[in-house]
Structures are given as structure tokens and as C-alpha cells.
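Thank you all for coming; I would like to take a few minutes to walk through one model with you. Please have a look at the sequence and the coordinates first, and then I will begin with a loop.

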Amino acid sequence: MQRLIPTGDTARPVAFAEAAQPEPEPGEALIKVEAFALNRGETFLLERPRPGLLPGKDIAGLVVQAAADGSGPGIGTRVVGHPAQGGWAEYVAVPTHSLAVLANGIDSVRAAALPLAGITALRLLRTAGSLAGRRVLLTGASGGVGHYVTELAVGAGAELTAVTATPVRGERLAELGAQVVHDVTAAQGPFDVVLESTGGPDLPIALSKVRPGGLLVWCGQASRSPVTLDFFELLGGPERVTIQHFHYAGAPYGPDLAALVRLVERGRLHPEIGRIAGWADTADTLVDLRERRIRGKAVLLTGEGR
């Protein structure tokens, strides 16, 4: 079969290679991949790929071999999955605890856009707690996670301010009900909850906008710059603010994937997909995603050439 492997070249991060079809473990199903999505974090891993890296964590496709232990969906079932790696390929073995069955009305493109960003959004909002009537600040809002968080938080009754780099990147967020600003300094606090994903100099500014006793959830460092906090500056800011580190990972993923599928099926969640292309364009799409030239998710179709 064909799969994409790292090249170590930042201009062409992946290339096609021949590979053996995966042999699933007893608790894994073999999936014929129809579509997969890219994540910006994966572009960083590809800059200096570790030995043995097989990228790809967001897939949608068809079960062609059911799990030998009897768990999970049967042959011919359309699914969305979140494997640990290896999803940028014609076939991938996925633990059945990290699969969900797709509703008939959800195509593979929208399904592939769900896993990492959607699971992150769900778990991030659970960490934030009840949002009805609360003021929320979201930084780095124009990626896949940001669009999901915005739609779900606004739908839950939050008054959400989203920070995006440019007006164009904020258009859809405004349509979803967010107040959009283009610099964290322009956000009008105080906020009950801050969801901070950029790091660098933005985090201390965002922290200064939290109400006394409020919560800042540190969920990323998209700027790739470390954060410096000054104790004495904090003394002049809001009192008793909680700073909580967040990372989405932790199987099983199947229940959250099933929840995301239900939300899409019921019209309560709409994947924001900035690019759909054949997988021959994966290398170029990775560069554009890394350089923030794509709003929302990028989805590649394995059935469209190489």
C-alpha cells in the first residue's frame, strides 16, 4: 500500500512510500482510509521527525477487517477514528476504543475534520466548567479547535471573545456568535474563563484580564515562544486566579468521537474546513497550514491520486 512518511525537508515535509498493510492487534480494526485531516502540531513534529514517526491521527473510512476480539464495528461500517499514528495511508489499524460509527448523513470529509480538534474542544470546555452566562476569552481562535470551541461555547450560553490575527480569519467566528478582536490587548475584560493557546507574551496579557477568582486554562503554545510571568506584576492583577495546564490526550476516544458525530448530525456543530484536496497535495498543504494560510481544518482525500 501507499503511505506518507516524513522527509525532514521543511519545504516538502512528506513523501509517498510503499509499505506493508498494517496487521491489526486483537482489539484493533483495519480501516480503509477515505479522508484524513492535518493538524498544525503535526507540522512542528515534521520539522525534526523522530525515527519511526508515521504521521496521521485524524481519519475517516471503511472497516475492512473487524477486530479479532469481537469489539467495535463490523466489516463495511463507515467510521471516524483517532489512531496514535499512521493515518496518512491507504490503510490504518485503529483501536476499537478510538472509533465511532458515522451517521449516514455525515461524509468522510467532515468526519475526518472531527477527531483531534473536536476532542480537544470537548475536553477543554469540560475543564472550563459550566459556561452559561459566563464571559470567556479564547486566544488563537481561528484554527480547527477554535471554531469548535466557539460554536459549542456560544451554544452553551457563553459570551465569548475570540482573538484572531486578521479580520478574514475571524469572519466565521463572528458568524458563530463570537465578538472578534485581533490583538489580545483589545479584549475587554474581565473574563470568568480564559482559554489561552498562543503562549509567549500573550499569556500574561490574557491573565491580566481574568476576574478575581477566575480561571485561565493554558492549552497550547502556538507562538512557539516560552511564557515569562512576573510575580510582582501578578500581584497588581486579579487575585486568586487559577492557572490550569491542559492537554487533550488520553484514550479511549470513541465516546467523545460519538458525541461529536451526534452534534454534527443534529446541526449543533459545523466543521470549518478551509481546504479539501487530494492527498498528492499533502506536502504543500502542510506548509500552508504551518504558515497559517488555512483557516480551520485541512482535509485530504486518499482516493484522489498521488
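Pro190 sits in the loop between S10 and S11, and the peptide bond that leads into Pro190 from Gly189 is cis, with omega near 0 degrees. I should say at once that this is a predicted model, and please keep that in mind for the backbone details. A second cis peptide bond joins Ala251 and Pro252, with omega at about 10 degrees, and Pro252 is again a loop residue, placed between S13 and helix H8 (254–265).

Those loops bring us to the sheet that holds S10, S11 and S13. It is an open sheet of six strands in the order S10-S9-S8-S11-S12-S13, and the pairing is parallel. The edges are formed by strand S10 (179–181) and strand S13 (242–245), each of which pairs on one side only, and neighbouring strands of this sheet are turned by 20 degrees against each other on average, if direction is ignored. Within the sheet, strand S8 (residues 135–138) and strand S11 (residues 191–196) run parallel and are joined by three bridges, and Leu138 has Leu195 of S11 as its bridge partner.

Leu195 deserves a second look. What does Leu195 contact, once its neighbours within four places in sequence are left aside? The list consists of Leu124, Leu125, Ala128, Val136, Leu137, Leu138, Thr139, Val149, Val217 and Cys219. Leu195 also belongs to the largest nonpolar core, which has 50 residues, and together with Leu131 and Leu269 it touches the most other members. Helix H3 (residues 115–128) gives the most to this core, namely eight residues. Apart from it lies another core, of 24 residues, which includes Val33, Val79, Val94 and Ala277.

Let me turn now to the antiparallel pairings. S1 and S2 pair in the antiparallel sense over six bridges, a hairpin of two residues joins S1 to S2, and Gln2 is partnered by Glu18 in S2. Further along, S3 runs antiparallel to strand S4 (residues 58–65), with seven bridges joining the two, and S4 in turn pairs with strand S5 (residues 78–81) in the antiparallel sense over four bridges. Ile59 can be followed through both pairings, since Ile59 in S4 is the bridge partner of Phe36, while Gly81 in S5 is the bridge partner of Ile59.

Is helix H9 (residues 282–290) mostly covered or mostly uncovered? Helix H9 is mostly covered, with eight of its nine residues buried. The buried residues include Thr285, Asp288 and Arg290 as well as Leu286, Val287 and Leu289. Among the elements that cover them are strand S1 (2–9), strand S2 (12–18), strand S3 (28–38), helix H1 (40–45), strand S14 (273–278) and strand S15 (297–301).

Finally, two residues with unusual backbone angles should be mentioned. Just after H9, Arg292 takes a positive phi of about 60 degrees, although Arg292 is not a glycine; Arg292 lies in the loop between H9 and S15 and, at 35% relative accessibility, counts as partly exposed. Arg224 likewise is not a glycine and has a positive phi, of about 65 degrees. Arg224 is placed in the loop between strand S12 (210–218) and helix H7 (231–235), and with a relative accessible area of 43% Arg224 is partly exposed.

Notes. Residues are numbered from 1 along each chain as its sequence is written. This is a predicted model: local features need pLDDT of at least 70, side-chain atom pairs count only at pLDDT 80 or more; totals for chains, interfaces and linings use all residues. Side-chain values use heavy atoms; hydrogens and water are left out. A nonpolar core is a set of buried Ala, Val, Leu, Ile, Met, Phe, Trp, Tyr and Cys residues joined through side-chain atoms within 4.5 Å. Buried means under 20% relative accessible area, exposed over 50%, partly exposed in between (1.4 Å probe, protein chains only). Contact means heavy atoms within 4.5 Å. Two strands pair if DSSP finds at least two bridges between them. Axes are lines fitted to C-alpha atoms, for helices over the stretch in contact, and angles run from 0 to 180 degrees between N-to-C directions.
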